[in-house]
Amino acid sequence: MALFEQTETTTKVTLDDTEACCCTIETAQTIDGHTEYVVRVQRGPYPENSWRILRRYNDFASLNKCLQISGIDLSFPGKKLIGNMRPDFIAERLNALQEYINQVLMNPILASSLPTKKFIDPDSYSTPFHDLALQYASMSLRTDGVYTLGQSLGPIGWRLRKHYFKVVHKPQGNKHSPGHSTTKHHLIKSSSQSHGKQHTTQVCVTTSTEKDYNSSTRDHSGRDDLILSWTEFGPDRYIDEKEIHTVLKNFGGVQHPYIVPIEHIASNDSGALVIRKFYKQGSLKDVLCSASPCNPFLSKYGSPKGRTPLPLKDLALYARQILEAIRFLHSKGMACGHVHCGNVIVVDGIAKLMDVENFIFGVPSFYRPFFVQHSKINTCEAIDVYGFGHLLYEMCMGYPLQDSYARQISDCPDSLKSLLESILSKDACKSSLPTLDQLTTHPFFGEYAGHFNDLYATTIAVQKPHLKFSTSAKEQLKLAVQKTENRVRDEQRSVKNQKRLVRVQEMMTSEEEKKKIKQKAKQAKLRAQNSLQLNNGPPTTGSAGITATVHLSSSTGGIVKSDSANSITSPQEALMSPPPHATDSGGSTSPQPPPSAPPIPGPLSSVPLFAADSDPTQAPGSSATGKQLAKSISGDEPTTGNRSALLQSICNFNKSGLKKVVSPAEAGGK
């Protein structure tokens, strides 16, 4: 019975390699005499999809060595042999490595490279992708009997799960002919992804292969050289396994003047291969960057030596041709989803779109990290229009747009600026993009490619476009379009919710920070007031820098005077303020001094307390005595000799000058 039991089939989960990842170095730890950094990696917007890895400085150095082929200037900290275990140096090194990994992940070319992926996610990217592609491609062509697999071209593309090989026509006649054995000798394993190599050697490509393939575009039989691309199925493949062979067979017969024809297409359970003609000039991106098509992707586009924008007439003509190719695919119920300069070939002044079968394979789009940030770009047509806008921008400027929308567009005619803003401006991405039909009627094409309609009518009369799907294939394509759009909307919704959550957290954090700042400000103000009160206390013997504050009677309407900057206050404020020495600078209470003796009844001005304050020429009852009293106590004059002056005034006090005060009770008794 066990032989006939149905086993549960496990569904293979394919990662979206375009999903953005971020790294945070949380801490550093010392293990066996060396420092290891704990790095937390998060894929996508949700913190739940995160993991931790341990990395040493040598691991960062190996990654930096791999990425140097790109020519991009990265701020990588140098190595230090002495004093590298000090806590202050480890903290400084942690910050420097954090800045370095941020620069790597913010660059789309570096972030999509295999060394970076293996550094941040070794569990998912330790699979020998290239060896599996070589195996599948060999098995697929073994029973074909027409083509023979040649040398690997190495990592010339940006996709980690797409690999390129040279293909030649199999010679006719005896299978064991010398020519066949010689061709079979070229079935070698690329050193870019062997099991025993570390990720420091994963960007290598055989120079002899590049030179051999660039030296000639024709084989010994006089036929054009061919290139084979093996692609694994992606997360957006929604066509049934039983129907995908039929869909690919129908699509293999596509004919259009602006679409690169397919020589051969086949698939298995893991992926599919496509054979096309090899163009020695490379893609449109190679033309703009003046790069060789067989060079590694990092060295071609990381920091190209030259950027060459296209003339306006060529730009308008190529853009109009690509637009017609996209419209043709949509008219057949199929989307493209992969419009960019790397998928455009220019041959004899004609731009042709290639790799349009990627939609059937379900691989993620090159601009997916960009359009998932805008919820209005949620249909296959809008995605193709958005990619078309990036294509226009790169052809116009010579370099790609590194953001999801263009903040400012300049250095181009007004008509082209209007066209770019209708697709790539922030308002356009937030509202809605134009349709494919609306783009064809834009004034820019009428100004710089006004003769295109006549040219296109003549071209399709010679080469009639053709793409016919069976009824079941049409249903599969329609279902795939719906599921693809649903996945895009779900991902956009997730990104939007995460942005809203981050915004709320920032607002809460800002409110808490505001409260903390206010609380700190109040505490600082109280400490300043307490310190001011302490500094304005009664003077001590030998402390000339400390002065006193005198509170005159509120009934006389006096003022409070001190030597501080805020020296004058109203009597009401003086009464409401806490008395001196009520609290110290730390807020703790201090013992109160004993109350002073009550003043002697009578006018204050009639009592000359200090002989030094009195003028011999003035009478004892003069009003200047009170002013001099306040001036002396407030510290405006030196207090040297106050004790002797006080003793002298007591000795010279005239008792006969006092007047007797009669109370009301005594007056009534009399």
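In the predicted model, S113 occupies the loop that runs between helix 3 (108-111) and helix 4 (114-120). The relative accessible area of S113 is 7%, and the residue is therefore classed as buried, the limit being under 20%. Two polar partners were identified for the side chain of S113. A polar atom of this side chain lies 2.7 Å from the backbone oxygen of L110, and a polar contact of 3.0 Å connects the side chain of S113 to that of T116. When neighbours within four places in sequence are left aside, S113 is in contact with L67, L160 and L298.

T116, the side-chain partner of S113, is placed in helix 4. T116 has a relative accessible area of 0% and is buried. With neighbours within four places in sequence again left aside, the contacts of T116 are L63, L67, V104, L105, L110 and A111. L63 and T116 are 53 residues apart along the chain, and their C-alpha atoms are separated by 7.0 Å. L67 appears among the contacts of S113 and also among those of T116. L110, whose backbone oxygen lies 2.7 Å from a polar atom of the S113 side chain, is likewise in contact with T116.

Aromatic residues were examined next. A search of the whole structure gave 18 aromatic pairs. One of these is formed by Y136 and W230, with a distance of 5.3 Å centre to centre and an angle of 35 degrees between the planes, a tilted arrangement. Y136 belongs to helix 5 (residues 129-142) and W230 to strand 6 (residues 226-232), so that the pair links distant parts of the chain, 94 residues apart. The two members differ in exposure: Y136 is partly exposed at 22% relative accessibility, whereas W230 is buried, with a relative accessible area of 1%.

Y258 and Y456 form a stacked aromatic pair, at 5.7 Å centre to centre with 25 degrees between the planes. This pair also links distant parts of the chain, its members being 198 residues apart. Y258 lies in the loop between helix 8 (241-251) and strand 7 (264-267), while Y456 lies in helix 19 (residues 452-462). Y258 counts as buried at 2% relative accessibility. Y456, at 16%, also counts as buried, because the class covers values under 20%.

Beyond these pairs, W158, F366, Y367 and F370 make up one aromatic cluster. Charged side chains were also found over aromatic rings. R237 lies over the face of F233, at 4.6 Å from the ring centre. In a second case, the charged end of K285 sits over the ring of Y301, 5.3 Å from its centre.

Backbone geometry was considered last. Most residues other than glycine have a negative phi. D32, although not a glycine, has a positive phi of about 55 degrees. D32 is located in the loop between strand 1 (21-31) and strand 2 (34-43), and its relative accessible area of 75% makes it exposed, because the class begins over 50%. D348 is not a glycine either and has a positive phi of about 55 degrees. The position of D348 is in the loop between strand 9 (344-347) and strand 10 (350-353). D348 is exposed, with a relative accessible area of 76%.

Notes
Residues numbered from 1 in each chain as written. Predicted model: local features only at pLDDT ≥ 70, side-chain atom pairs only at ≥ 80, totals over all residues. Heavy atoms only, no water. Helix = DSSP H or I, 4+ residues; strand = E, 2+ residues; numbered from the N terminus. Buried < 20%, exposed > 50% of the residue type's maximum accessible area, 1.4 Å probe, protein only. Polar contact = N/O pair within 3.5 Å; in protein donor to acceptor, adjacent residues only side chain to side chain. Contact = heavy atoms within 4.5 Å. Phe/Tyr/Trp six-rings, centres within 6.5 Å; stacked < 30°, edge-to-face > 60°. Lys NZ or Arg CZ within 6 Å of the ring centre and 35° of its normal.
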